[in-house]
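Work through the exercises below with the sequence and the 3D structure at hand. Try each task before reading its solution.

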Amino acid sequence: MASGHLYALDFDGVFCDSCGESSLSALKAAKIRWPFLFGEVDSAMEEWIIDQMHILRPVVETGYENLLLVRLLVELKVPSVRKSSVAEGLSVETILENWLKLKPTIMSEWNEDKDSLIDLFGRVRDEWIENDLPSWIGANRFYPGVADALRFSSSEVYIVTTKQSRFAEALLRELAGINFPSERIYGLGTGPKVEVLKKLQAMPQHTGMIFHFVEDRLATLKNVIKEPELNEWNLYLVTWGYNTEKERNEAREISRIRLVDVPEFSKNLK
């Protein structure tokens with residue numbers, strides 16, 4: 001029976017601030033997907049879109065949603081290209097508050113397909129990496145101190161992310177100098193995070209271990225709490241990453257969730 005600690009760690013928002021890269025990639029992909037949108041979009045509006053994407057980042061669960069947000073921001077600013085019933089009178093704050101309701105509405109009204117958006121987003125990133133790896137890497141950054149926590153960890157560590165695994169692996173290698181085993185990265189396509197956690201705890205080699213799950217999205221931690229099978233997991237919301245003060249305050253009221261800062265995260269992982 002194994003003893004010790006197993007950590008399942010989210011990637012974007014825990015290790016990597018990828019908001020600059022994902023926003024630029026989404027803008028490139030949106031131009032390919034919906035060229036008719038961009039006739040009236042100049043460089044000043046593109047800069048405004050990228051700025052707003054930083055504010056909206058906490059609502060993004062999976063990367064393709066960045067494309068939807070880019071298009072919604074364009075519709076918000078350019079009435080002549082509107083194809084959704086929700087764009088009129090919409091503000092960035094309203095999107096932040098109501099994204100879970102807005103997303104299915106716009107997907108339906110734009111007649112969009114999740115899988116093809118995921119493929120396009122991945123393809124745009126692959127082309128950027130192939131054509132100019134240094135600038136792709138440079139559009140990402142690691143939060144100070146977290147890469148060292150991973151590098152010196154003596155715990156059993158897995159990365160559980162909605163990012164495509166190859167991008168997480170490349171960023172760990174190129175930005176942090178860490179050759180993280182690809183078989184320990186559960187990325188997009190490996191199933192919902194709750195299912196990955198069930199899989200990890202069911203592995204015979206993990207019997208008897210203490211389980212920890214570290215996230216920056218409160219909604220994801222709430223999904224874990226709903227699963228009785230995952231009652232053994234210790235849950236942590238990081239105080240950095242893509243969450244809002246309102247979400248951190250809400251997390252403080254939930255007994256299963258602990259807020260963790262970088263020094264405590266580093267200490268725990270060792």
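The exercises that follow concern a predicted model and deal with its sheet, one loop residue and its cavity.

**Exercise 1. The sheet**

Task: State in which order the strands form the open sheet, and which strands stand at the edges.

Solution. Step 1: Follow the pairing from one strand to the next. Six strands form the open sheet, in the order β5-β4-β1-β6-β7-β8, and they pair in parallel. Step 2: Look at the two ends of this order. β5 (185-186) and β8 (257-260) are the edge strands; each has a single partner strand, so one side of each has no neighbour in the sheet.

**Exercise 2. Strand β6 and its surroundings**

Task: Describe how β6 is joined to β1 and β7, and decide whether β6 is largely enclosed or not.

Solution. Step 1: Take the β1 side. β1 (residues 5-9) runs parallel to β6 and is joined to it by five bridges. Here Leu 9 is placed opposite Val 214 of β6.

Step 2: Take the β7 side. Between β6 (residues 210-215) and β7 (residues 234-238) there are four bridges, and the two strands run parallel. Val 214 has Tyr 236 as its bridge partner in β7, while His 212 has Asn 234.

Step 3: Look for a helix over these strands. Helix α9 (residues 218-225) lies across β6, β7 and β8, and runs at about 170° to β7.

Step 4: Apply the cut-off for burial, which is under 20% relative accessible area. Five of the six residues of β6 are buried, so β6 is largely enclosed by the rest of the structure.

**Exercise 3. A loop residue**

Task: Locate Asn 111, describe its phi, and decide whether it is buried or exposed.

Solution. Step 1: Asn 111 sits in the loop between α4 (92-109) and α5. Step 2: Its phi is positive, about 55°, although Asn 111 is not a glycine. Step 3: A residue counts as exposed over 50% relative accessible area. Asn 111 has 69% relative accessibility and therefore counts as exposed.

**Exercise 4. The cavity**

Task: How many cavities of 30 Å³ or more does the structure hold, and what lines the largest cavity?

Solution. Step 1: There is one cavity of 30 Å³ or more. The largest cavity has a volume of about 250 Å³.

Step 2: Its lining consists of 25 residues, and nearest its centre lie Asp 12, Arg 57, Glu 61, Gly 63 and Thr 162.

Step 3: Sort the lining by residue type: six residues are nonpolar, nine polar and ten charged.

Step 4: Ask which element gives the largest share. Helix α5 (residues 114-138) does, with three residues.

Definitions and conventions. Residues are numbered from 1 along each chain as its sequence is written. This is a predicted model: local features need pLDDT of at least 70, side-chain atom pairs count only at pLDDT 80 or more; totals for chains, interfaces and linings use all residues. Side-chain values use heavy atoms; hydrogens and water are left out. On a 1 Å grid over the protein atoms alone, a cavity is a set of points where a 1.4 Å probe fits but cannot get out, and a pocket is an open set with protein on both sides within 12 Å along at least five of seven lines; lining residues have an atom within 4 Å of a point. Grid points are joined across faces, edges and corners, and a volume is the space filled by probe spheres set on the points. Ala, Val, Leu, Ile, Met, Phe, Trp, Tyr, Cys and Pro count as nonpolar, Asp, Glu, Lys and Arg as charged, and the others, Gly among them, as polar. Buried means under 20% relative accessible area, exposed over 50%, partly exposed in between (1.4 Å probe, protein chains only). Two strands pair if DSSP finds at least two bridges between them. Contact means heavy atoms within 4.5 Å. Axes are lines fitted to C-alpha atoms, for helices over the stretch in contact, and angles run from 0 to 180 degrees between N-to-C directions.
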